[in-house]
Amino acid sequence: MQTVKHNYTTMPEPVKCTGSINSRELRFSRAMVFAIEEINNSTKLLPGIKLGYQIHDSCASVPLAVHVAFQLSNGLDPVFYTGNVCSQSGMVMAVVGESGSTPSISMSRIMGSFDIPQVSHFATCACLSDKQQYPTFFRTIPSDQFQADVLAKLVKHFGWTWIGAVRSDSDYGNNGMAAFLNAAQKEGICVEYSESFHRSHPHSRIQRVADVIRRSTAMVVVAFVSFGEMKILLKELSSEPSPPRQWIGSESWVTNPVLLRYSFCAGAIGFGIEQSVIPGLRKFLLDLSPTEVAASPVLTEFWENAFNCRLGKNMVIDQRVCDGTEDIQTLQSQYTDTSQLRITNMVYKAVYAIAHAIHNAVCQDTNSTTQCDKFMKIESKQVLMQLKKVKFSQNGYDVSFDANGDPVAKYELVNWQISESGSIEMVTVGHYDASLPVGQEFRINKNLTWVHGSTQVPVSVCSDSCPPGTRKVLQKGKPICCYDCIPCPEGEISNATDSLDCFPCVMEFWPNAERDTCLPKPVEFLSFDEVLGIILAAFSVGGACLAIFTAAVFFRHRTSPIVRANNSELSFLLLFSLTLCFLCSLTFIGAPSDWSCMLRHTAFGITFVLCISCVLGKTIVVLMAFKATLPGSNVMKWFGPPQQRMTVVSFTFVQVLICIIWLVVSPPFPMKNLTVYKERIILECALGSAIGFWVVLGYIGLLAFLCFALAVLARKLPDSFNEAKFITFSMLIFCAVWITFIPAYVSSPGKFTVAVEIFAILASSFGLILCIFAPKCFIILFKPEKNTKKHVMNKNQSRD
């Protein structure tokens with residue numbers, strides 16, 4: 001097109017088109033003529049009425065398209081026309097076109113002011129669905145909004161979250177890409193770059209866009225580009241080797257066979273208008289008589305360009321004259337290519353939609369006949385109103401418009417595949433039908449090939465997916481698709497890929513090693529099955545057996561002087577209580593229960609008080625016996641066997657009373673300790689009342705301290721009564737064990753708390769039995785010669 005400068009003093013010269021004719025657009029215009037002639041010959045649609053038409057060439061120029069729009073609106077003489085003179089000359093009922101979105105927008109603003117309906121076959125900009133701005137605009141091709149949404153779903157379907165985007169710097173490209181980016185954002189797709197360009201831009205701009213594509217890290221490039229711009233971009237990219245890229249195309253270029261020669265685009269996929277078949281169209285396109293060609297300036301230009309010759313008066317020096325031997329049947333061009341009728345069918349449907357609207361305005365259908373008033377004068381507004389209601393099928397193609405003037409969106413998924421011959425061919429591999437239920441609109445029914453014919457889906461992500469057990473942390477200053485995978489913190493899991501957060505397990509569960517699932521925490525308690533439990537149980541049983549063995553030795557030698565001299569009744573009672581002390585430690589091993597928790601503490605408290613009471617009784621007996629040997633002393637009558645029994649019973653009864661109060665007020669109970677260890681549960685006995693526990697322990701300590709004090713007082717008595725020394729040692733061990741027990745008990749974690757308590761019971765019990773009874777058993781068993789009354793009574797002399 002030639003640009004003209006205006007000086008506003010003279011009428012500007014008319015805009016002229018430059019360059020060669022677009023044979024594809026010529027096919028569209030001829031398809032319109034074919035449809036009109038088919039309608040004029042129909043006996044069902046507008047019978048008796050002939051449609052006329054005017055064809056204008058806008059040269060893809062907005063100024064020229066606006067000029068034509070004013071011509072049509074004002075009823076001026078056409079630039080050229082074909083067909084018979086209409087009876088209502090100059091009255092335009094409807095317009096088919098434009099092919100581009102930008103010219104269609106300009107035309108629709110003018111047509112809308114005159115209520116002239118405009119039906120486009122190729123203007124896809126979503127902005128044209130706005131009925132406030134474009135009230136008379138209709139189209140037979142789906143809006144780019146549908147294509148943008150389904151392209152975003154396609155990208156998401158193959159797991160691509162890191163893409164590049166290029167677009168035409170036009171209404172088609174800018175609006176289409178804006179809709180796609182909005183849909184992509186909802187799908188969680190990130191865009192590394194978004195570049196725009198136009199065919200009128202300088203070469204440096206095209207080169208810059210190509211360099212951005214080459215340097216990018218995104219494997220996938222979504223191109224919302226018109227055919228003209230895409231051809232320029234691919235030519236630029238082919239000039240230098242480029243890294244492999246997976247192209248995702250809009251219908252404007254992805255179904256155009258001219259671009260198939262760019263082999264580096266093999267594997268490209270995109271959505272195109274469904275292929276169709278129009279019976280008789282190919283014959284009509286090829287059936288051009290010399291007279292018809294010569295009568296049409298457009299056909300003349302096409303013919304001369306196609307065969308490189310001149311017709312009649314258009315002769316030029318050094319150029320041959322068309323001699324009539326030219327055969328259009330052998331011509332390879334977009335005009336004659338009817339193998340994939342896509343947009344051509346949109347033109348066909350647009351003409352029929354207008355014809356049906358006029359038919360509904362002037363004709364009445366009865367059961368068997370159709371009556372049309374050929375003399376009825378109708379206005380474009382009537383056609384507009386009827387066009388909104390149009391709904392019909394033609395050659396198996398449904399035609400209707402929604403409230404926005406858009407048809408039902410239907411697309412084919414096209415894949416550029418390498419054929420056996422090595423050439424690239426377009427293969428339909430799937431479909432999209434917006435009229436189907438949600439979730440069923442999009443389906444792929446054939447295998448796809450990708451970059452360079454690969455069968456593996458290419459990967460295009462900024463960061464690899466975060467596996468379960470980790471969470472995504474965004475990289476500073478980068479899009480949301482660029483992130484690092486951070487392991488979940490202790491006690492938390494993530495069980496999904498690309499989780500944004502980790503979630504804590506419930507109290508009684510803990511994450512596995514991978515931190516992708518919560519498992520029940522292992523339950524821990526001191527059991528008879530583990531080594532520590534077995535050792536402690538063995539010492540417990542061994543101690544009890546030792547006490548029983550000692551009692552058996554004492555019982556067998558009960559008449560011997562050493563047994564009789566050491567208060568055999570208290571000795572047997574002490575051995576019995578020690579046996580209970582050893583055995584009560586067994587109640588601390590095993591899973592806690594209500595009864596075991598109450599039994600272990602009360603049994604421990606009572607048996608130890610019984611034991612200490614016996615030791616205390618023996619200590620008092622030693623002291624009293626010494627006093628009884630003094631002249632004039634009769635103190636032993638106040639501390640004979642009845643008094644000894646009463647002392648033991650009294651001391652023990654106090655402990656029993658304390659334990660009863662403890663069990664009644666707040667008894668010990670089993671509990672799951674979840675605080676000591678995060679990763680496991682400790683089964684233990686809660687004290688219930690801590691005061692009760694420490695009172696029981698304190699009472700034992702009080703008696704032990706009293707016994708220790710008395711034993712210290714008696715430690716220097718004559719050797720005949722040297723049992724006080726052994727009692728002192730035993731009480732020293734007892735007090736040392738239980739004094740160290742308190743901090744160890746408080747600080748020991750989990751089952752070791754129980755182990756410390758058992759150890760204290762066993763250590764103090766062994767201390768008592770070894771210090772008090774071991775020396776006597778040694779004499780009885782291994783030194784029987786010393787087990788005599790004389791030796792017992794005269795120990796001091798025997799040492800002289």
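**Notebook: rings, charges and sheets**

I began with the rings, and in this predicted model I found that Phe 34, Phe 284, Tyr 348 and Tyr 352 form one aromatic cluster. I then asked how many aromatic pairs the count comes to, and the count gave 24 aromatic pairs. One of them joins Phe 28 and Phe 122, whose ring centres lie 6.3 Å apart with 85 degrees between the planes, an edge-to-face arrangement. I traced where these two sit: Phe 28 belongs to helix H1 (residues 23–40), while Phe 122 is in the loop between strand S4 (118–120) and strand S5 (137–139), so that the pair links parts of the chain 94 residues apart. I also noted that Phe 28 and Phe 122 are both buried.

Next I looked at Phe 271 and Phe 442, where the centres are 5.8 Å apart and the planes stand at 65 degrees, and because planes over 60 degrees apart count as edge-to-face, this pair is edge-to-face. I placed Phe 271 in strand S10 (residues 269–273) and Phe 442 in strand S17 (residues 442–444), with the two positions 171 residues apart in the numbering. Phe 271 counts as buried, since its relative accessibility is 0%.

I then checked for lysines over rings. The charged end of Lys 131 sits over the ring of Phe 138, 5.6 Å from the ring centre, and Lys 472 lies over the face of Tyr 483, at 4.6 Å from the ring centre.

**Charge pairs**

I searched the whole structure for salt bridges and recorded 12. In one of them the side chains of Asp 406 and Arg 139 meet at 2.7 Å, N to O. Asp 406 is in the loop between strand S14 (397–400) and strand S15 (410–418), whereas Arg 139 is in strand S5, and the two are 267 residues apart. Are these two residues buried or exposed? I found Asp 406 buried, with a relative accessible area of 4%, and Arg 139 buried as well, at 0%.

A salt bridge also joins Arg 342 and Glu 412, at 2.9 Å from N to O. I located Arg 342 in the loop between helix H11 (297–307) and helix H12 (343–362), and Glu 412 in strand S15, 70 residues apart. Arg 342 is buried at 5% relative accessible area, and Glu 412 is buried at 7%.

The salt bridge of Glu 679 and Arg 680 has a distance of 3.0 Å, N to O, and with Glu 524 these residues are linked in a network of salt bridges. I noted Glu 679 as partly exposed, at 30% relative accessibility.

**Sheets and a surface patch**

I followed an open sheet of 3 strands in the order S3-S4-S5, with parallel pairing. Strand S3 (95–96) and S5 stand at its edges with a single partner strand each, so one side of each has no neighbour in the sheet. S4 and S5 are joined by 3 bridges, and Gln 118 has Phe 137 in S5 as its bridge partner.

Another open sheet of 3 strands runs S24-S26-S25 with mixed pairing. In this sheet S25 and strand S26 (residues 681–686) pair in the antiparallel sense over 5 bridges, and Met 671 has Glu 684 in S26 as its bridge partner.

Last, I mapped a nonpolar surface patch of about 620 Å², made by Phe 653, Leu 657, Ile 660, Ile 661, Val 664 and Val 665. Ile 660 is found in helix H18 (residues 641–665) and counts as partly exposed at 46% relative accessibility.

Conventions:
Residues numbered from 1 in each chain as written. Predicted model: local features only at pLDDT ≥ 70, side-chain atom pairs only at ≥ 80, totals over all residues. Heavy atoms only, no water. Phe/Tyr/Trp six-rings, centres within 6.5 Å; stacked < 30°, edge-to-face > 60°. Helix = DSSP H or I, 4+ residues; strand = E, 2+ residues; numbered from the N terminus. Buried < 20%, exposed > 50% of the residue type's maximum accessible area, 1.4 Å probe, protein only. Lys NZ or Arg CZ within 6 Å of the ring centre and 35° of its normal. Patch = residues over 30% accessible without salt bridge, like charges linked within 9 Å, V, L, I, M, F, W, Y side chains within 5 Å. Areas by Shrake-Rupley, 256 points an atom, 1.4 Å probe, with all protein chains shown as cover. Salt bridge = Lys/Arg side-chain N within 4 Å of Asp/Glu carboxyl O. Pairing = 2+ DSSP bridges.
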